[in-house]
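Please examine the sequence and the three-dimensional structure shown here before reading on.

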Amino acid sequence: MEDSAEDSSPVLVHRRRHLRFPHRRLDQPEDSKGSGQNDRSVLDHPWFRSFDHLCLQLRQVCLIFLTAVLPLSLSVISMIWYNGGGGGGGGGGGAAGSDQYKLSKAVTPDEDQVEDELYATENYVALRQEAGTVVSQENLDFLLVVDRRHNLSYEEFIAVYDGKRPVILTDVVPDWAASRWSRDFFLENYANDSAVVKTVDGNGSSISSASTRLADFAAESSRGQPERWMYLEDELFIPTRPELRADLGEVEVLGEDFFQLFPKAVQPWDALLLWGSPSSRSPLHIDPYNWTGINAVISGRKKWKLFPPGQDHLFYITADQRCGFPLDCIKYNSPVDAFSPNNTRYPDVQQAEFAEVDQVAGELLVIPTGWFHQAYNMEETIAVSRQVMNTNSYREVMEEIIKAGNVQRAELPPNFAQLSPRLQVQTLVDLFPGEILEKGRLLTEAVLGQINSLL
Ligand SMILES: O=C(O)CCC(=O)C(=O)O
(Lines give C-alpha, C1' and ligand atoms only; values in the text may rest on other atoms or scores of the structure.)
Protein backbone atom coordinates (compact mmCIF):
# COMPACT_ATOMS: atom_id res chain seq x y z
CA MET A 1 0.00 0.00 0.00
CA GLU A 2 1.33 3.36 -0.93
CA ASP A 3 1.46 5.62 1.97
CA SER A 4 2.85 8.71 3.56
CA ALA A 5 1.27 11.97 4.38
CA GLU A 6 2.00 15.59 4.44
CA ASP A 7 3.38 17.11 7.59
CA SER A 8 0.90 19.69 8.62
CA SER A 9 1.06 19.24 12.37
CA PRO A 10 0.85 22.21 14.63
CA VAL A 11 4.59 22.74 14.69
CA LEU A 12 5.20 24.83 17.76
CA VAL A 13 8.95 24.85 17.76
CA HIS A 14 10.44 23.99 14.45
CA ARG A 15 14.10 23.74 15.28
CA ARG A 16 16.03 24.20 18.44
CA ARG A 17 17.63 27.39 17.26
CA HIS A 18 14.22 28.80 16.32
CA LEU A 19 12.77 28.45 19.79
CA ARG A 20 9.79 30.70 20.01
CA PHE A 21 9.74 30.93 23.77
CA PRO A 22 12.98 32.17 25.26
CA HIS A 23 13.96 30.56 28.49
CA ARG A 24 12.92 33.43 30.65
CA ARG A 25 10.32 32.65 33.23
CA LEU A 26 7.28 34.84 33.60
CA ASP A 27 8.33 35.79 37.09
CA GLN A 28 11.78 36.99 36.09
CA PRO A 29 12.23 40.75 35.82
CA GLU A 30 12.60 42.00 32.29
CA ASP A 31 15.99 43.64 32.20
CA SER A 32 16.18 44.41 28.52
CA LYS A 33 15.02 48.00 28.82
CA GLY A 34 18.43 49.36 29.66
CA SER A 35 17.30 50.77 32.98
CA GLY A 36 20.50 50.58 34.99
CA GLN A 37 21.01 51.66 38.58
CA ASN A 38 21.61 55.31 37.65
CA ASP A 39 18.92 55.49 35.07
CA ARG A 40 15.96 55.98 37.36
CA SER A 41 12.81 57.62 36.05
CA VAL A 42 9.16 57.77 36.95
CA LEU A 43 8.77 54.44 35.13
CA ASP A 44 10.89 52.83 37.83
CA HIS A 45 8.20 53.61 40.36
CA PRO A 46 6.95 50.28 41.84
CA TRP A 47 3.45 50.99 40.56
CA PHE A 48 4.63 51.32 36.99
CA ARG A 49 6.92 48.33 37.37
CA SER A 50 4.13 46.05 38.53
CA PHE A 51 1.83 47.44 35.83
CA ASP A 52 4.53 46.74 33.30
CA HIS A 53 4.97 43.26 34.71
CA LEU A 54 1.25 42.60 34.45
CA CYS A 55 1.26 43.74 30.82
CA LEU A 56 4.16 41.45 30.11
CA GLN A 57 2.33 38.51 31.65
CA LEU A 58 -0.86 39.27 29.76
CA ARG A 59 1.08 39.57 26.54
CA GLN A 60 2.79 36.21 27.10
CA VAL A 61 -0.44 34.44 27.99
CA CYS A 62 -2.16 35.90 24.91
CA LEU A 63 0.79 34.92 22.75
CA ILE A 64 0.74 31.38 24.06
CA PHE A 65 -3.01 31.20 23.61
CA LEU A 66 -3.00 32.51 20.07
CA THR A 67 0.04 30.66 18.80
CA ALA A 68 -0.31 27.36 20.55
CA VAL A 69 -3.32 26.70 22.69
CA LEU A 70 -6.02 27.79 20.32
CA PRO A 71 -4.87 25.87 17.26
CA LEU A 72 -3.83 22.94 19.38
CA SER A 73 -7.01 22.73 21.37
CA LEU A 74 -9.02 22.84 18.18
CA SER A 75 -7.04 19.99 16.79
CA VAL A 76 -5.97 17.93 19.72
CA ILE A 77 -9.20 16.03 20.06
CA SER A 78 -8.54 14.66 16.65
CA MET A 79 -4.81 14.50 17.17
CA ILE A 80 -3.12 11.24 17.76
CA TRP A 81 0.56 11.63 18.24
CA TYR A 82 1.58 9.04 15.80
CA ASN A 83 -0.58 10.13 12.92
CA GLY A 84 -1.82 13.59 13.65
CA GLY A 85 0.23 16.04 11.76
CA GLY A 86 1.45 13.84 9.03
CA GLY A 87 4.34 11.60 8.51
CA GLY A 88 2.14 8.71 9.42
CA GLY A 89 2.91 5.69 7.38
CA GLY A 90 0.72 2.72 6.92
CA GLY A 91 -1.83 4.94 5.42
CA GLY A 92 -1.71 6.67 8.72
CA GLY A 93 -0.78 10.24 8.92
CA GLY A 94 -2.62 13.35 8.24
CA ALA A 95 -3.12 16.71 9.67
CA ALA A 96 -4.60 17.08 13.05
CA GLY A 97 -7.90 18.76 12.69
CA SER A 98 -7.91 18.87 8.93
CA ASP A 99 -10.18 16.71 6.91
CA GLN A 100 -8.16 15.73 3.92
CA TYR A 101 -4.71 14.29 3.83
CA LYS A 102 -2.51 14.20 0.81
CA LEU A 103 0.37 11.97 -0.01
CA SER A 104 3.64 13.77 0.19
CA LYS A 105 7.08 13.02 -1.04
CA ALA A 106 9.25 11.43 1.60
CA VAL A 107 12.20 13.63 2.29
CA THR A 108 15.55 12.17 3.05
CA PRO A 109 17.13 14.45 5.62
CA ASP A 110 20.20 16.28 4.48
CA GLU A 111 23.49 15.75 6.24
CA ASP A 112 23.31 18.99 8.19
CA GLN A 113 20.03 17.99 9.70
CA VAL A 114 21.28 14.56 10.63
CA GLU A 115 24.28 16.08 12.32
CA ASP A 116 22.15 18.60 14.11
CA GLU A 117 19.49 16.25 15.38
CA LEU A 118 20.45 12.63 15.66
CA TYR A 119 17.66 10.17 15.25
CA ALA A 120 16.34 8.40 18.24
CA THR A 121 17.76 5.00 17.61
CA GLU A 122 21.19 6.30 16.72
CA ASN A 123 21.11 7.90 20.09
CA TYR A 124 19.80 4.72 21.53
CA VAL A 125 22.68 2.73 20.16
CA ALA A 126 25.17 5.31 21.41
CA LEU A 127 23.65 5.22 24.87
CA ARG A 128 23.56 1.45 24.95
CA GLN A 129 27.14 1.20 23.77
CA GLU A 130 28.05 3.35 26.68
CA ALA A 131 26.06 1.02 28.91
CA GLY A 132 27.80 -2.00 27.39
CA THR A 133 24.62 -3.60 26.10
CA VAL A 134 24.79 -2.66 22.46
CA VAL A 135 22.63 -4.53 19.99
CA SER A 136 25.08 -6.57 17.95
CA GLN A 137 24.80 -8.64 14.81
CA GLU A 138 25.48 -11.80 16.82
CA ASN A 139 22.41 -11.52 18.94
CA LEU A 140 20.14 -10.44 16.10
CA ASP A 141 18.50 -13.86 15.70
CA PHE A 142 17.83 -13.89 19.39
CA LEU A 143 16.35 -10.39 19.21
CA LEU A 144 13.97 -11.31 16.43
CA VAL A 145 12.06 -13.82 18.54
CA VAL A 146 9.32 -12.40 20.74
CA ASP A 147 8.83 -14.53 23.85
CA ARG A 148 5.47 -15.09 25.52
CA ARG A 149 5.85 -15.09 29.29
CA HIS A 150 3.73 -15.44 32.39
CA ASN A 151 4.76 -15.10 36.03
CA LEU A 152 7.73 -13.06 34.88
CA SER A 153 9.64 -11.63 37.81
CA TYR A 154 10.58 -7.96 37.89
CA GLU A 155 14.27 -8.89 38.07
CA GLU A 156 14.09 -11.09 34.99
CA PHE A 157 12.00 -8.58 33.09
CA ILE A 158 14.53 -5.83 33.74
CA ALA A 159 17.56 -8.02 33.06
CA VAL A 160 16.34 -9.82 29.94
CA TYR A 161 13.66 -7.77 28.21
CA ASP A 162 13.18 -4.19 29.32
CA GLY A 163 15.01 -1.80 27.00
CA LYS A 164 16.37 -4.77 25.04
CA ARG A 165 13.74 -7.03 23.46
CA PRO A 166 9.96 -6.90 23.06
CA VAL A 167 8.04 -9.43 25.14
CA ILE A 168 4.42 -10.53 25.36
CA LEU A 169 2.96 -10.99 28.85
CA THR A 170 0.03 -13.39 28.87
CA ASP A 171 -1.16 -13.10 32.46
CA VAL A 172 -1.74 -9.37 32.95
CA VAL A 173 -4.75 -8.26 30.89
CA PRO A 174 -7.06 -11.14 31.93
CA ASP A 175 -7.08 -9.64 35.45
CA TRP A 176 -8.19 -6.23 34.23
CA ALA A 177 -11.86 -5.27 34.37
CA ALA A 178 -11.24 -3.90 30.87
CA SER A 179 -11.25 -7.49 29.64
CA ARG A 180 -15.00 -7.16 29.32
CA TRP A 181 -14.76 -4.30 26.82
CA SER A 182 -16.22 -5.20 23.47
CA ARG A 183 -18.16 -3.57 20.68
CA ASP A 184 -21.41 -4.34 22.60
CA PHE A 185 -19.98 -2.90 25.81
CA PHE A 186 -19.16 0.40 24.11
CA LEU A 187 -22.50 0.48 22.33
CA GLU A 188 -24.43 -0.18 25.54
CA ASN A 189 -22.60 2.53 27.45
CA TYR A 190 -21.28 5.12 24.99
CA ALA A 191 -23.25 4.81 21.75
CA ASN A 192 -23.86 8.55 21.51
CA ASP A 193 -20.40 9.66 22.61
CA SER A 194 -17.90 10.71 19.99
CA ALA A 195 -14.33 9.69 19.35
CA VAL A 196 -11.69 10.39 16.73
CA VAL A 197 -11.93 8.03 13.79
CA LYS A 198 -9.52 7.88 10.89
CA THR A 199 -10.79 6.58 7.56
CA VAL A 200 -8.44 5.40 4.85
CA ASP A 201 -9.76 4.83 1.39
CA GLY A 202 -8.16 3.86 -1.89
CA ASN A 203 -4.56 2.95 -1.44
CA GLY A 204 -3.98 5.64 1.15
CA SER A 205 -4.77 8.39 -1.30
CA SER A 206 -7.65 9.61 0.82
CA ILE A 207 -7.27 9.76 4.56
CA SER A 208 -9.62 11.67 6.76
CA SER A 209 -9.99 12.02 10.47
CA ALA A 210 -13.20 13.11 12.15
CA SER A 211 -15.05 13.07 15.41
CA THR A 212 -17.58 10.27 15.01
CA ARG A 213 -20.44 8.85 17.13
CA LEU A 214 -19.49 5.45 18.45
CA ALA A 215 -22.78 4.01 17.16
CA ASP A 216 -21.93 5.22 13.65
CA PHE A 217 -18.40 3.87 13.84
CA ALA A 218 -19.55 0.51 15.25
CA ALA A 219 -22.00 0.10 12.38
CA GLU A 220 -19.00 -0.05 10.03
CA SER A 221 -16.16 -1.29 12.20
CA SER A 222 -16.39 -4.98 11.34
CA ARG A 223 -15.81 -4.18 7.67
CA GLY A 224 -12.33 -3.38 6.46
CA GLN A 225 -10.12 -4.26 3.55
CA PRO A 226 -6.40 -3.73 3.00
CA GLU A 227 -7.06 -0.47 1.21
CA ARG A 228 -10.22 0.70 2.89
CA TRP A 229 -10.34 0.74 6.64
CA MET A 230 -11.26 2.73 9.73
CA TYR A 231 -9.38 3.26 12.97
CA LEU A 232 -10.76 4.81 16.13
CA GLU A 233 -7.67 6.25 17.81
CA ASP A 234 -8.53 8.48 20.71
CA GLU A 235 -6.09 9.78 23.33
CA LEU A 236 -8.77 11.19 25.56
CA PHE A 237 -11.70 8.77 25.52
CA ILE A 238 -10.37 6.68 28.41
CA PRO A 239 -8.57 9.34 30.48
CA THR A 240 -11.66 11.56 30.50
CA ARG A 241 -13.93 8.72 31.68
CA PRO A 242 -12.74 7.67 35.13
CA GLU A 243 -14.86 4.51 35.10
CA LEU A 244 -13.01 3.29 32.00
CA ARG A 245 -9.62 4.37 33.36
CA ALA A 246 -10.32 2.35 36.51
CA ASP A 247 -10.87 -0.78 34.39
CA LEU A 248 -7.18 -0.77 33.43
CA GLY A 249 -5.09 -2.64 35.95
CA GLU A 250 -1.45 -2.32 36.76
CA VAL A 251 1.43 -3.94 34.92
CA GLU A 252 3.56 -4.94 37.88
CA VAL A 253 6.87 -5.19 36.07
CA LEU A 254 6.31 -1.69 34.71
CA GLY A 255 5.38 -0.09 38.02
CA GLU A 256 8.25 2.39 37.89
CA ASP A 257 7.25 5.44 35.88
CA PHE A 258 9.20 8.68 36.02
CA PHE A 259 6.52 10.45 33.97
CA GLN A 260 4.76 10.69 37.34
CA LEU A 261 7.44 13.22 38.33
CA PHE A 262 6.31 15.52 35.51
CA PRO A 263 3.84 18.29 36.27
CA LYS A 264 0.37 17.10 35.23
CA ALA A 265 0.23 19.76 32.52
CA VAL A 266 2.95 18.06 30.49
CA GLN A 267 2.43 14.43 31.44
CA PRO A 268 1.55 12.38 28.36
CA TRP A 269 -2.07 11.15 28.21
CA ASP A 270 -1.76 7.65 29.52
CA ALA A 271 -4.33 5.41 27.80
CA LEU A 272 -4.89 5.61 24.06
CA LEU A 273 -8.02 3.75 22.92
CA LEU A 274 -7.44 1.86 19.68
CA TRP A 275 -10.44 0.23 18.01
CA GLY A 276 -9.74 -0.76 14.46
CA SER A 277 -11.60 -2.42 11.63
CA PRO A 278 -9.95 -5.39 9.92
CA SER A 279 -6.84 -4.22 8.02
CA SER A 280 -6.50 -0.99 9.96
CA ARG A 281 -2.97 -0.19 11.06
CA SER A 282 -0.65 2.23 12.75
CA PRO A 283 2.18 3.98 10.99
CA LEU A 284 5.71 2.64 11.29
CA HIS A 285 7.15 4.75 14.07
CA ILE A 286 9.03 5.16 17.30
CA ASP A 287 6.92 6.33 20.20
CA PRO A 288 6.98 9.97 21.33
CA TYR A 289 9.94 10.77 23.57
CA ASN A 290 11.16 7.24 22.72
CA TRP A 291 9.42 5.86 25.80
CA THR A 292 8.74 2.22 26.76
CA GLY A 293 5.48 1.28 25.03
CA ILE A 294 2.75 -1.02 26.30
CA ASN A 295 -0.03 -2.39 24.11
CA ALA A 296 -2.86 -4.47 25.56
CA VAL A 297 -5.21 -6.26 23.17
CA ILE A 298 -8.68 -6.54 24.70
CA SER A 299 -10.42 -8.20 21.79
CA GLY A 300 -9.34 -9.21 18.30
CA ARG A 301 -5.84 -9.81 16.94
CA LYS A 302 -2.88 -7.72 15.87
CA LYS A 303 0.15 -8.52 13.79
CA TRP A 304 3.29 -6.58 14.67
CA LYS A 305 6.50 -5.80 12.90
CA LEU A 306 9.16 -4.74 15.39
CA PHE A 307 12.51 -3.39 14.24
CA PRO A 308 15.61 -3.56 16.46
CA PRO A 309 17.36 -0.20 16.94
CA GLY A 310 19.95 1.22 14.59
CA GLN A 311 18.03 0.90 11.32
CA ASP A 312 16.57 4.40 11.08
CA HIS A 313 18.42 5.15 7.90
CA LEU A 314 16.26 2.55 6.12
CA PHE A 315 12.93 4.17 7.01
CA TYR A 316 12.93 7.49 5.15
CA ILE A 317 12.35 9.49 8.28
CA THR A 318 11.98 13.21 7.84
CA ALA A 319 14.01 15.10 10.38
CA ASP A 320 11.56 17.93 10.88
CA GLN A 321 8.43 16.26 12.22
CA ARG A 322 7.32 17.41 15.64
CA CYS A 323 4.81 15.84 17.99
CA GLY A 324 3.18 19.19 18.70
CA PHE A 325 2.84 18.63 22.44
CA PRO A 326 3.53 21.56 24.82
CA LEU A 327 6.60 19.62 25.96
CA ASP A 328 7.85 19.21 22.44
CA CYS A 329 9.35 16.11 20.87
CA ILE A 330 10.68 15.04 17.51
CA LYS A 331 8.32 12.66 15.75
CA TYR A 332 9.92 9.62 14.16
CA ASN A 333 7.22 8.47 11.76
CA SER A 334 8.13 6.62 8.60
CA PRO A 335 6.16 7.05 5.37
CA VAL A 336 6.73 3.34 4.73
CA ASP A 337 3.94 0.84 5.30
CA ALA A 338 5.86 -2.22 6.48
CA PHE A 339 2.81 -4.40 5.79
CA SER A 340 2.62 -3.38 2.18
CA PRO A 341 5.86 -1.62 1.34
CA ASN A 342 6.24 0.34 -1.83
CA ASN A 343 9.64 -1.04 -2.75
CA THR A 344 9.99 1.21 -5.76
CA ARG A 345 9.56 4.33 -3.76
CA TYR A 346 11.21 3.10 -0.56
CA PRO A 347 13.68 0.40 -1.61
CA ASP A 348 15.97 0.58 1.43
CA VAL A 349 13.37 -0.74 3.83
CA GLN A 350 13.78 -4.20 2.28
CA GLN A 351 17.12 -4.47 4.09
CA ALA A 352 15.58 -3.96 7.51
CA GLU A 353 15.56 -6.80 10.03
CA PHE A 354 12.43 -7.22 12.07
CA ALA A 355 10.56 -9.48 14.46
CA GLU A 356 7.04 -10.44 13.47
CA VAL A 357 4.50 -11.62 15.99
CA ASP A 358 0.75 -11.99 16.37
CA GLN A 359 -0.85 -10.72 19.55
CA VAL A 360 -4.23 -12.07 20.59
CA ALA A 361 -6.88 -10.89 23.04
CA GLY A 362 -5.65 -10.88 26.62
CA GLU A 363 -2.01 -10.39 25.68
CA LEU A 364 0.14 -7.39 26.49
CA LEU A 365 3.13 -6.40 24.40
CA VAL A 366 5.99 -4.38 25.84
CA ILE A 367 7.89 -2.42 23.18
CA PRO A 368 11.36 -1.32 24.26
CA THR A 369 12.65 2.16 23.74
CA GLY A 370 14.48 2.48 20.44
CA TRP A 371 12.39 -0.03 18.48
CA PHE A 372 10.48 1.11 15.41
CA HIS A 373 7.17 -0.73 15.22
CA GLN A 374 3.96 -1.02 13.25
CA ALA A 375 0.72 -2.85 14.11
CA TYR A 376 -1.87 -4.33 11.73
CA ASN A 377 -5.31 -5.36 12.95
CA MET A 378 -6.07 -8.74 11.42
CA GLU A 379 -9.70 -8.53 12.49
CA GLU A 380 -11.79 -5.96 14.31
CA THR A 381 -9.61 -5.24 17.34
CA ILE A 382 -9.91 -3.21 20.53
CA ALA A 383 -6.70 -2.36 22.35
CA VAL A 384 -5.17 0.16 24.72
CA SER A 385 -1.75 1.70 24.35
CA ARG A 386 0.14 3.08 27.35
CA GLN A 387 3.70 4.02 28.25
CA VAL A 388 6.26 4.42 30.99
CA MET A 389 9.60 6.14 31.43
CA ASN A 390 11.61 3.82 33.64
CA THR A 391 15.15 2.86 34.57
CA ASN A 392 15.71 1.36 31.14
CA SER A 393 14.26 4.21 29.12
CA TYR A 394 14.65 7.38 31.16
CA ARG A 395 17.92 8.36 29.49
CA GLU A 396 16.44 8.03 26.01
CA VAL A 397 13.36 10.01 27.04
CA MET A 398 15.45 12.76 28.62
CA GLU A 399 17.58 12.87 25.50
CA GLU A 400 14.49 13.42 23.34
CA ILE A 401 13.25 16.19 25.62
CA ILE A 402 16.60 17.95 25.36
CA LYS A 403 16.94 17.34 21.62
CA ALA A 404 13.57 18.95 21.00
CA GLY A 405 14.85 22.10 22.71
CA ASN A 406 12.68 22.11 25.82
CA VAL A 407 15.74 22.27 28.07
CA GLN A 408 19.24 23.28 27.06
CA ARG A 409 21.90 20.68 27.79
CA ALA A 410 24.15 23.42 29.20
CA GLU A 411 21.61 24.05 31.93
CA LEU A 412 22.17 20.61 33.48
CA PRO A 413 24.35 20.69 36.60
CA PRO A 414 27.92 19.31 36.30
CA ASN A 415 27.14 16.32 38.55
CA PHE A 416 24.03 15.39 36.55
CA ALA A 417 25.31 12.00 35.34
CA GLN A 418 26.21 10.98 38.90
CA LEU A 419 22.68 11.49 40.18
CA SER A 420 20.28 8.58 40.60
CA PRO A 421 17.83 8.09 37.69
CA ARG A 422 15.00 9.59 39.72
CA LEU A 423 17.06 12.64 40.68
CA GLN A 424 18.22 13.12 37.12
CA VAL A 425 14.63 13.16 35.94
CA GLN A 426 13.58 15.47 38.76
CA THR A 427 16.46 17.83 37.93
CA LEU A 428 15.44 17.92 34.29
CA VAL A 429 11.80 18.46 35.18
CA ASP A 430 12.75 21.38 37.42
CA LEU A 431 14.32 23.00 34.37
CA PHE A 432 11.14 22.90 32.26
CA PRO A 433 10.49 26.54 31.35
CA GLY A 434 7.45 28.13 32.92
CA GLU A 435 6.14 28.94 29.45
CA ILE A 436 5.93 25.26 28.54
CA LEU A 437 4.09 24.39 31.74
CA GLU A 438 1.71 27.29 31.22
CA LYS A 439 1.09 26.22 27.65
CA GLY A 440 0.39 22.65 28.86
CA ARG A 441 -1.95 23.88 31.55
CA LEU A 442 -3.92 26.07 29.15
CA LEU A 443 -4.05 23.33 26.55
CA THR A 444 -5.33 20.74 29.04
CA GLU A 445 -7.96 23.19 30.25
CA ALA A 446 -9.03 24.04 26.72
CA VAL A 447 -9.24 20.41 25.65
CA LEU A 448 -11.19 19.35 28.70
CA GLY A 449 -13.48 22.34 28.29
CA GLN A 450 -14.07 21.40 24.69
CA ILE A 451 -14.82 17.81 25.60
CA ASN A 452 -17.20 18.80 28.37
CA SER A 453 -19.09 21.02 25.99
CA LEU A 454 -19.38 18.13 23.54
CA LEU A 455 -20.53 15.61 26.14
O1 LIG B 1 -2.03 -0.81 18.00
C2 LIG B 1 -1.64 0.02 17.19
O3 LIG B 1 -2.29 0.34 16.21
C4 LIG B 1 -0.29 0.63 17.35
C5 LIG B 1 -0.09 1.22 18.65
C6 LIG B 1 1.33 1.56 18.90
O7 LIG B 1 2.10 1.72 18.02
C8 LIG B 1 1.78 1.64 20.22
O9 LIG B 1 1.09 1.18 21.12
O10 LIG B 1 2.88 2.19 20.40
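The following paragraphs discuss a sheet, a nonpolar core, a helix and the surroundings of a ligand.

The model is predicted. A suitable starting point is its open sheet, in which nine strands follow the order E1-E2-E12-E8-E14-E6-E5-E3-E4 with mixed pairing. At the edges stand strand E1 (147-149) and strand E4 (206-213), each of which pairs on one side only. Direction ignored, neighbouring strands of this sheet are turned by 25° against each other on average. At one of these edges, E1 pairs with strand E2 (residues 167-169) in the parallel sense over three bridges; Arg-148 has Ile-168 in E2 as its bridge partner.

The next topic is the interior. In soluble globular proteins, nonpolar side chains tend to be buried together. Here the largest nonpolar core has 89 residues, of which Leu-273, Leu-364 and Val-384 touch the most other members. Helix H11 (residues 434-454) gives the most to this core, namely five residues. Leaving aside residues up to four places away in sequence, Val-384 touches several residues, including Ala-178, Ile-238, Leu-273 and Ile-298.

Helix H9 (residues 394-403) is mostly covered, with nine of its ten residues buried. Among them are Tyr-394, Arg-395, Glu-396 and Lys-403. Just after H9, Gly-405 takes a positive phi of about 95°.

Finally, which strands each supply at least two residues of the shell around the ligand? They are strand E8 (292-299), strand E13 (372-377) and strand E14 (381-388). The residues around the ligand include Asp-287, Asn-295, Lys-302, His-373 and Ser-385. By class, this shell has four nonpolar, five polar and two charged residues.

Conventions
Residues are numbered from 1 along each chain as its sequence is written. This is a predicted model: local features need pLDDT of at least 70, side-chain atom pairs count only at pLDDT 80 or more; totals for chains, interfaces and linings use all residues. A residue is near a molecule or strand if its C-beta atom, placed from the backbone, lies within 6 Å of it. Helices (H or I, at least four residues) and strands (E, at least two) are DSSP runs, numbered from the N terminus. Ala, Val, Leu, Ile, Met, Phe, Trp, Tyr, Cys and Pro count as nonpolar, Asp, Glu, Lys and Arg as charged, and the others, Gly among them, as polar. A nonpolar core is a set of buried Ala, Val, Leu, Ile, Met, Phe, Trp, Tyr and Cys residues joined through C-beta atoms within 7 Å. A residue is buried if 20 or more other C-beta atoms lie within 10 Å of its own, exposed if 12 or fewer, and partly exposed in between; C-beta atoms are placed from the backbone. Two residues are in contact if their C-beta atoms, placed from the backbone, lie within 7 Å. Two strands pair if DSSP finds at least two bridges between them. Axes are lines fitted to C-alpha atoms, for helices over the stretch in contact, and angles run from 0 to 180 degrees between N-to-C directions.
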